[in-house]
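This report describes the strand arrangement, the nonpolar core and the charged pairs of one protein chain. The sequence and the structure are shown first.

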Amino acid sequence: MTRIHLLPLLPLVIAAPLLLAACGSGGNSIELTFSPAFENREAETTGSAGSDVASTTAGHGALLDEAGKKIGTFNVTSIVTRKGARSETRLINAEYGFGADMTDSILISGSEEFMTPTGLPLINDQLHYAVIGGTGAYAGAVGECLVQRRGENAFTTTCKFTTP
C-alpha cells in the first residue's frame, strides 16, 4: 500500500483560502463627498406631545458638490426607536442618487442619537452609516458614510465604499 504524506502540503492547504479571498477582493474603491440640501423635511408624530417612539421624519433634496453644483438627489426616512429625556435614537434609511438620470445610487442605513425636540444631530457630531447596497455604477456597494451636521441645515457627507 502506498502512503501519501500530506504534512508537506499543510501550509498550502491553510494558505489557499486566504490567497483566494485576497484575489477576490479586487473591487473598485470609491470616495464621494457632498452636501445634502433639504428641499422638504416633515415629521409625523404618534403622540400628542411631539416626537414619540415610532414617530417618523421624511425628507428629500439635492446633493451638492463642494462648489455648490447639484450632482444628485436624496430621499431619507427616520423612525424614532428609543426615547430619552433629552435625546432619541432614530433608525435612518437614505438613498443618494447621482448623475443626470439618478440611476447610480447608494443606500445607507444606521441608528444614531438625535436631539429632542428638533430631531437633528448635535452640530459637529459625526454620524456613521453603513452603505448597504447600490444601483448602476454602484451596484453591490458596501462601505460607510460619515455625516456631519455643520449648522442649522448644513451637512457634509463623505462615503467610502467598494463595488465588485
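## Salt bridges

A salt bridge is a side-chain nitrogen of Lys or Arg within 4 Å of a carboxyl oxygen of Asp or Glu. The model is predicted, so local features need pLDDT of at least 70 and side-chain atom pairs count only at pLDDT 80 or more, while totals for chains, interfaces and linings use all residues. Residues are numbered from 1 along each chain as its sequence is written, and side-chain values use heavy atoms, without hydrogens or water.

By this rule there are three salt bridges. Arg-90 pairs with Glu-88, with the closest N and O atoms 2.8 Å apart; Lys-83 also bridges to Glu-88, at 3.7 Å. Lys-83, Glu-88 and Arg-90 thus belong to a network of salt bridges. Both Arg-90 and Glu-88 are buried (under 20% relative accessible area; exposed is over 50%, partly exposed in between; 1.4 Å probe, protein chains only). Lys-83 counts as partly exposed because its relative accessibility is 35%. Glu-152 meets Arg-149 at 3.9 Å, N to O; Glu-152 is exposed at 58%, whereas Arg-149 is buried at 5%.

## Barrel

Eight strands (DSSP E runs of at least two residues, numbered from the N terminus) form a closed barrel in the order β1-β2-β3-β4-β5-β6-β7-β8, with antiparallel pairing (at least two DSSP bridges between two strands). β7 and β8 pair over nine bridges.

## Nonpolar core

The largest nonpolar core (buried Ala, Val, Leu, Ile, Met, Phe, Trp, Tyr and Cys residues joined through side-chain atoms within 4.5 Å) has 24 residues, of which Tyr-96, Phe-98, Ile-106, Tyr-138 and Phe-161 touch the most other members. β4 gives the largest share, four residues.
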